[in-house]
Amino acid sequence: MAYPTLYPPQANSPETTLTAAITATATSIAVQDGAKLPAVPNYLVLGGASEAAETVLMTAKSGNTLTAQRGVQGTAQAWAVGTAVARTFTAADHAALQEWAQALKTDTIPLAQKTAANGVASLDASAKIPVAQLPAGTTSAAGAVQLNSTVTSTSTTQAATASAVKTAYDLASTANAAAAAAQGSASGATTAANVAQAAASAATTTANEALAIASEKDWSKSAQSTLTVAGWNGLGQQALYYDEITGNANGDLYIAQTADAAQYAAFIAAQLQVTGQEAGSILVTARGTIPAIDLPIEMEVRT
């Protein structure tokens, strides 16, 4: 139930007067001294103690200018300059007090209902309801629960505090970051292993191909030489010299057994091909990356 507003009184009800006439419908009212009137909102009476007085509700005040709801009690009417304006006790105040008194009389809870079944709870010395009078909260029923800041409890009757939730969140975030880092490391290791396996497969294939070629051919002459870094021309070509080479003798080019790992890798990357031949020399072309280190080479010439 909504109860009427009780507007505060003003001691001795000081008066001011209108400085401009108002009509029965005017809501803006000019007075001599707005400071004599109470703060808004509040009741004001126009016309003093006369039977024709009008009670209005002042809703705003700016200096000596008032805004009011007209005809709260009495008839809204025109008022002349000099009409008295004051906060006096009105019939509206009296009616509001009566309504409140009746409500308190009707709505008051009997003392016999204190702590009784279906009654009301008592208060302790701190004006609070004792815990014993509150129902306990469970996973299936609402009620009071004790707070707990630990992150290791398994209780189903206590509630976690914000601190406990934050601690659990931080632990989970740390674990998640560690898991992500571990996964990244594992992925990197897997990639490296795959690359190494691919390289090993390629080397095996190359060796098998070379072995197959070697098994099909008879070689009678061989010589060792060196493809030097300085020997490459602008076209990625370099000549090797061997007296046993004729203009029409076929042969192949291999990395020497004395080559180290870096030289072998440079040999594979260079994709060397014999692209020219004449008596006493062959022309080698790097189809891939021109070697940046000297390469020990073995030449095989079929007789």
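Here are legends for three close-up views of a predicted model.

**View 1. A nonpolar patch on the surface.** Leu6, Phe89, Leu97, Trp100 and Leu104 come together here, sharing about 510 Å² of accessible area (Shrake-Rupley method, 1.4 Å probe, with only the protein chains shown counting as cover for residues). Patch members have over 30% relative accessible area and no salt bridge; nonpolar side chains (Val, Leu, Ile, Met, Phe, Trp, Tyr) are joined within 5 Å, like charges within 9 Å. A salt bridge puts a side-chain nitrogen of Lys or Arg within 4 Å of a carboxyl oxygen of Asp or Glu. Look for Phe89 in the loop between β6 (84-86) and α1 (91-107); helices (H or I, at least four residues) and strands (E, at least two) are DSSP runs, numbered from the N terminus. Phe89 is exposed, at 58% relative accessible area (exposed is over 50%, buried under 20%, partly exposed in between; 1.4 Å probe, protein chains only).

**View 2. A cis peptide bond at Pro41.** The bond from Val40 to Pro41 has omega near -5°. You will find Pro41 in the loop between β2 (28-30) and β3 (42-46).

**View 3. Positive phi at Asn12 and Ser13.** Asn12, in the segment before β1 (15-17), has phi near 65° although the residue is not glycine. Ser13 belongs to the segment before β1 as well, with phi near 45°. Asn12 is exposed at 78% relative accessible area, while Ser13 is partly exposed at 24%.

**Notes.** Residues are numbered from 1 along each chain as its sequence is written, and side-chain values use heavy atoms, without hydrogens or water. Local features need pLDDT of at least 70 and side-chain atom pairs 80 or more, whereas totals for chains, interfaces and linings use all residues.
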